[in-house]
Amino acid sequence: MPAAAVAARAASNGVDLLALTDHDNLDGLPAARSAAEAAGMSLVNGVEISIEWESLQIHILGYAFDPADPALNAGLAAIRSGRIDRARRISAELEKVGIDGAFDGAMRLAANPSLISRAHFGRFLVDSGVRKDLRSVFESYLVPGRPGYVDHRWATLADALGWISGAGGLAAVAHPGRYKLSRPDMRRFLAEYKDLGGRAIEVVSGSHTQEHVDIFGRLAREYGFLASRGSDFHGPGESYFDLGQLAPLPDGLKPIWDVF
């Protein structure tokens, strides 16, 4: 969904402050800002950076940074260049199980080819009738242990936090409830994240259950993190929640937007 349309949809749904956090890319920010200003809504610069921590892919959100920062832009460009190579390898793996044309099909669905992701392959597989929806496609083909999944080297946690802080921004861990980490491993990750300058975690997310909200609310208090709230909205019919529909943060947490 185009950035301007996301901003316009958020405003029409009653959102008064939006952070656009595209994966590894800042190109949508100018259009989103123009649409937000036209609708009388405030916009915060945002990005969602793909990193790898102990062989697990994790997403780090950056907020309120300078989008012209050279180091941030160079780092994101390096991540994007790796996406094309990963896409070709995903397509090759899908061909092995009889699914042809996946690379071209996914590329047609990517508005920006340098941002091709597993979600574009998922949409191609749904459109091709392989599975009925994105969730079942991911479970069957695009997660570790399934035939369309390939390993990929992303940025490190230190890389992402360095880029965000160097650009004058603030970092948050995106949807921590989605990562397959044991409780001790989650604590190790959060301790390392805090030591490297991380200041916030996403407590309320479109992909979090109430149990996740309770757990990460407690961890935010324990570690002294600011709390963020994000819909994880990708488009109509592709997200758990629409823009502006999330529950509020639990009591006793300091919202991240208080420091913007």
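## What counts as buried

A residue is called buried when its relative accessible area is under 20%, exposed when it is over 50%, and partly exposed in between. By that yardstick Arg 178, at 43% relative accessibility, is partly exposed. Please keep in mind while you browse that this is a predicted model.

## Arg 178, Asp 232 and Ser 207

Arg 178 is a good place to start. Its side chain forms a salt bridge with that of Asp 232, at 2.9 Å from N to O. Arg 178 sits in the loop between β4 and α8, while Asp 232 belongs to the segment after β6, so this pair ties together parts that are 54 residues apart in sequence.

Ser 207 touches both of these partners. It is found in the loop between β5 and α9 (210-223), and its relative accessibility of 14% means that it counts as buried. Setting aside residues up to four places away in sequence, Ser 207 touches His 175, Arg 178, His 212, Asp 232 and Tyr 240.

## Strand β4 and its neighbours

Now step back to strand β4, residues 170-173. Which of its residues are buried on each side? Leu 170 and Ala 172 are buried on one side, and Ala 171 and Val 173 are buried on the other, so both faces of the strand are covered.

β4 pairs with strand β3 (residues 56-63) in the antiparallel sense, through four bridges. Here Tyr 63 stands opposite Leu 170 of β4. With strand β5 (residues 200-205) the pairing is parallel and spans two bridges, and Ala 172 stands opposite Ala 200 of β5. Helix α8 (residues 183-195) joins the picture too: together with β4 and β5 it makes a right-handed β-α-β unit.

## Salt bridges within helices

The structure holds eight salt bridges. One of them is in helix α8, where the side chains of Asp 185 and Arg 188 meet at 3.1 Å, N to O. These two residues are three apart in α8, which means they are separated by about one helical turn. Asp 185 is partly exposed, with a relative accessible area of 27%, and Arg 188 is partly exposed at 41% relative accessibility. Salt bridges with shared partners also bring in Glu 54, joining it with Asp 185 and Arg 188 in one network.

Helix α3 (residues 70-96) offers another example. There the side chains of Arg 89 and Asp 85 form a salt bridge of 3.2 Å, N to O. The two residues lie four apart in α3, about one turn of the helix. Why does such spacing suit a pair within a helix? An α-helix has 3.6 residues a turn, so residues three or four places apart point the same way. Arg 89 counts as partly exposed at 30% relative accessibility, and so does Asp 85 at 42%.

## Helix α5 under cover

How much of helix α5 (residues 118-127) is buried? Seven of its ten residues are, so the helix is mostly covered. The buried residues of α5 are Arg 118, His 120, Phe 121, Gly 122, Arg 123, Phe 124 and Leu 125. Among the elements that cover them are β3, α3, α4 (102-109) and α6 (134-142). Just beyond the end of α5, Gly 129 takes a positive phi of about 80°.

## Leu 43 and a surface patch

Leu 43 has its place in strand β2 (residues 42-53). Is this residue buried or exposed? With a relative accessibility of 11%, Leu 43 counts as buried. Leu 43 and Leu 20 are 23 residues apart in sequence, and their C-alpha atoms are 7.6 Å apart in space. Leaving aside neighbours within four places in sequence, Leu 43 is in contact with Leu 17, Leu 18, Leu 20, Leu 29, Ala 32, Arg 33 and Ala 36.

Leu 17, one of those contacts, also takes part in a nonpolar patch on the surface. The patch is formed by Leu 17, Trp 257, Val 259 and Phe 260, with about 310 Å² of accessible area together. Phe 260 is found in the segment after β6 (226-230) and is partly exposed, with a relative accessible area of 38%.

Note on methods. Residues numbered from 1 in each chain as written. Predicted model: local features only at pLDDT ≥ 70, side-chain atom pairs only at ≥ 80, totals over all residues. Heavy atoms only, no water. Buried < 20%, exposed > 50% of the residue type's maximum accessible area, 1.4 Å probe, protein only. Pairing = 2+ DSSP bridges. Right-handed = clockwise from strand over helix to strand, strands pointing away. Patch = residues over 30% accessible without salt bridge, like charges linked within 9 Å, V, L, I, M, F, W, Y side chains within 5 Å. Areas by Shrake-Rupley, 256 points an atom, 1.4 Å probe, with all protein chains shown as cover. Salt bridge = Lys/Arg side-chain N within 4 Å of Asp/Glu carboxyl O. Contact = heavy atoms within 4.5 Å.
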